[in-house]
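Me: Hey, can you walk me through this one? I'm new to reading structures, so plain words please.
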Amino acid sequence: VQLQASGGGLVQVGGSLRLSCAASGTVFSIGPMGWYRQAPGKQRELVATITSLRVTNYAESAQGRFTISRDNAKNTVYLQMNALKPEDTAVYYCNADSVIDGNFRRRNVWGQGTQVTVSS
């Protein structure tokens with residue numbers, strides 16, 4: 001199972017971006033999914049998570065500006081980011097936990113990351 005993230009790019013302050021992350025391979029189920037980010041010289045931090053029942057959790061920095069959602073039929077998680085700020089500049093990584101793959105193994109999977117740059 002692999003996660004493929006897309007949707008990053010360069011945007012001006014106040015702009016919007018929508019990130020997508022799709023799981024490929026044989027997947028029977030996925031538990032919580034989430035987005036994390038890592039800015040240069042900083043540790044990776046939580047942005048938002050969403051359970052399979054669509055219960056969401058946000059970092060304080062994302063609250064009110066970002067919206068996480070998922071399409072269970074497509075094994076895809078999204079992050080709508082509005083009112084972007086320069087401090088949102090980072091590599092954004094998606095994560096899927098409790099992934100039951102084609103061999104009935106439970107795995108935690110990370111995507112490859114997508115760069116988001118907010119210019120002032």
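Me: Which residues are linked in a network of salt bridges?
Reply: Arg37, Glu45, Arg65 and Asp88 make up that network. Keep in mind that this is a predicted model.

Me: OK, what's the N to O distance for arginine 37 and glutamate 45?
Reply: Their side chains meet in a salt bridge at 2.7 Å, N to O.

Me: And is arginine 37 buried or exposed?
Reply: Arginine 37 is buried, because its relative accessible area is 6% and the cut-off for buried is under 20%. Its partner glutamate 45 is partly exposed, with a relative accessible area of 36%.

Me: What about arginine 65, which residue does its side chain meet in a salt bridge?
Reply: That would be aspartate 88, at 2.7 Å from N to O. This pair links distant parts of the chain, with the two residues 23 apart. Arginine 65 is in the loop between strands E7 (56-58) and E8 (66-71), while aspartate 88 is in the loop between strands E9 (76-81) and E10 (90-101).

Me: Are those two buried or exposed?
Reply: Arginine 65 is buried at 11% relative accessible area. Aspartate 88 counts as buried too, at 0% relative accessibility.

Me: How many salt bridges are there in total?
Reply: The count comes to five. Another one of them joins aspartate 101 and arginine 107, with the closest N and O atoms 3.7 Å apart. Aspartate 101 counts as buried at 3%, whereas arginine 107 is partly exposed at 28%.

Me: Switching topic: how many aromatic pairs does the structure hold?
Reply: There are two. One of them is phenylalanine 28 with phenylalanine 104, and that pair is stacked: 4.8 Å centre to centre, with 10 degrees between the planes.

Me: Where do those two phenylalanines lie?
Reply: Phenylalanine 28 lies in strand E4 (residues 27-29) and phenylalanine 104 in the loop between E10 and E11, so the pair ties together parts that are 76 residues apart in sequence. Phenylalanine 104 is exposed, by the way, with a relative accessible area of 63%.

Me: Cool. Which rings does arginine 44 sit over?
Reply: Arginine 44 lies over the face of tyrosine 93, 3.7 Å from the ring centre. Its charged end also sits over the ring of tryptophan 110, at 4.7 Å from the centre.

Me: How many disulfides are there?
Reply: The count is one disulfide, formed by cysteine 21 and cysteine 94 with their sulfur atoms 2.0 Å apart. The link is right-handed, with 55 degrees about the S-S bond.

Me: What does that pair tie together?
Reply: Cysteine 21 is in strand E3 (residues 17-24) and cysteine 94 is in strand E10, so the pair ties together parts that are 73 residues apart in sequence.

Me: Are the two cysteines buried or exposed?
Reply: Both cysteine 21 and cysteine 94 are buried.

Me: Last thing: where is glycine 111 found?
Reply: Glycine 111 is in the loop between strand E11 (106-110) and strand E12 (114-119). It's buried, with a relative accessible area of 10%.

Me: And what is glycine 111 in contact with?
Reply: Leaving aside neighbours within four places in sequence, glycine 111 is in contact with Leu3, Tyr93 and Cys94. As for alanine 96, glycine 111 is 15 residues from it in sequence and 8.5 Å from it in space, C-alpha to C-alpha.

How values were computed: Residues numbered from 1 in each chain as written. Predicted model: local features only at pLDDT ≥ 70, side-chain atom pairs only at ≥ 80, totals over all residues. Heavy atoms only, no water. Helix = DSSP H or I, 4+ residues; strand = E, 2+ residues; numbered from the N terminus. Buried < 20%, exposed > 50% of the residue type's maximum accessible area, 1.4 Å probe, protein only. Contact = heavy atoms within 4.5 Å. Salt bridge = Lys/Arg side-chain N within 4 Å of Asp/Glu carboxyl O. Phe/Tyr/Trp six-rings, centres within 6.5 Å; stacked < 30°, edge-to-face > 60°. Lys NZ or Arg CZ within 6 Å of the ring centre and 35° of its normal. Disulfide = S-S within 2.5 Å.
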